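Student: I'd like a close look at one part of this model. Please choose a starting point, then follow the pairing from there in one connected account.

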Amino acid sequence: MELPEDIFTEPEDVDPETLSNLGPLRRLAGTWEGLRGVDVNPKADGPEQRDFRERIEMIPIDPQANGPQLFYGLRYHVHINTPEEDITFHDQVGYWLWEPATGLVLQTIAIPRGQVAIAAGHAEPNATKLVLSAERGQTEYGICSTTFLELAFRTDSYRIEVDFHDDGSWSYVQDTMLMVRGQDTLFQHRDRNHLSKIGEPDLNPWSKILRGR
């Protein structure tokens, strides 16, 4: 990336309407439900497949600036349960971010087992597919884990493919490559689901304030 001479001055002509400036992420805004999720994860006796149901909230945030760099984005929360258990199967929070000037798409990931990541990709504003990835050891778009996870279930890479469908729904396939202690080859931990909208997004806070005046 080539840095501009002025790394401090933030843009002045910022549109307060996040929903109008999300590029390909506009199709993710709202509340979603998926009842056909499938997870394949490592166990002592071999791979285990679990069916799951998923709810995702994608909430517009105000524009974010790093000096001249400008992002529009969504704050998200993923909650997953399985039919067999009441306890949460997976919980995840973070942001989906879009940089209109470059087409950069980011997903930040934080899960309450002591792991965070930033995945990156590029897309056109009207893209019908997103592909983002992160790799362990990278200082830009990488993965950071607790000592236990690093030693027992080391995450070497993360990749997510999102497909937008004509009916307004979307689906994803997510692959996390794990080096499980005691095994000789990487394990492909895969999750996939198809999600349908059950709620429309609200306005971002700045836009809501301006409209209320």
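**Salt bridges and the strand ladder**

Tutor: Let's start with the side chains of Asp-156 and Arg-154, which meet in a salt bridge with an N to O distance of 2.6 Å. A salt bridge here is a side-chain nitrogen of Lys or Arg within 4 Å of a carboxyl oxygen of Asp or Glu, and by that rule the count comes to 13. Please keep in mind that this is a predicted model, in which local features need pLDDT of at least 70 and side-chain atom pairs count only at pLDDT 80 or more, while totals for chains, interfaces and linings use all residues. Residues are numbered from 1 along each chain as its sequence is written, and side-chain values use heavy atoms, with hydrogens and water left out.

Arg-154 counts as partly exposed because its relative accessibility is 24%; the classes are buried under 20% relative accessible area, exposed over 50% and partly exposed in between, using a 1.4 Å probe and protein chains only. Another charged pair is Arg-159 and Glu-161, whose closest N and O atoms are 2.3 Å apart in their salt bridge. Both partners fall in the middle class: Arg-159 has a relative accessible area of 37% and is therefore partly exposed, and Glu-161, at 22%, is partly exposed too. Elsewhere, shared partners link several salt bridges, so that Glu-48, Arg-50, Glu-84 and Glu-85 belong to one network.

Within that network, the salt bridge between the side chains of Arg-50 and Glu-48 has an N to O distance of 3.9 Å. The two partners fall on either side of a class boundary. Arg-50 is buried because its relative accessible area is 16%, whereas Glu-48, at 26%, counts as partly exposed.

That brings us to the strands. Strands are DSSP runs of E with at least two residues, numbered from the N terminus, and two of them pair if DSSP finds at least two bridges between them. Strand β2 covers residues 48–60 and pairs with β1 in the antiparallel sense over 10 bridges. These two strands form a hairpin with 6 residues between them, and Gly-46 in the turn has a positive phi of about 125 degrees. If you look along this pairing, you will find Thr-31 standing opposite Glu-57 in β2.

Glu-57 is a handy residue for moving on to the next strand, as its bridge partner in β4 is His-77. The pairing between β2 and β4 (residues 69–82) is antiparallel and runs over 8 bridges. A further contact to look for is Pro-60, which stands opposite Leu-74 in β4.

β4 has other partners as well. Strand β3 (residues 64–66) runs antiparallel to β4, joined to it by 3 bridges, and Gln-64 stands opposite Phe-71 there. The β3–β4 hairpin has 2 residues between its strands, and Gly-67 in the turn shows a positive phi of about 60 degrees. β4 also pairs with β5 (residues 85–99), again in the antiparallel sense, over 10 bridges. Here Val-78 stands opposite Gln-92 in β5, and these two strands form a hairpin with 2 residues between them. As for its surroundings, β4 is mostly covered, with 11 of its 14 residues buried.

Leu-74 in β4 also offers a way to gauge distance across the model. Its C-alpha atom is separated by 39 Å from that of Asp-184, 110 residues apart along the chain. Asp-184 lies in the loop between β11 (170–180) and β12 (187–199), and it counts as exposed because its relative accessibility is 77%.

Finally, let's return to β2, which gives the most to the lining of the largest pocket, with 6 residues. A pocket is an open set of points on a 1 Å grid over the protein atoms alone, where a 1.4 Å probe fits and protein lies on both sides within 12 Å along at least five of seven lines; lining residues have an atom within 4 Å of a point. The largest pocket holds about 900 Å³ of space, a volume being the space filled by probe spheres set on points joined across faces, edges and corners. It is lined by 38 residues, of which His-90, Ile-111, Arg-113, His-189 and Asp-191 are the closest to its centre.

Notes: Helices (H or I, at least four residues) and strands (E, at least two) are DSSP runs, numbered from the N terminus.
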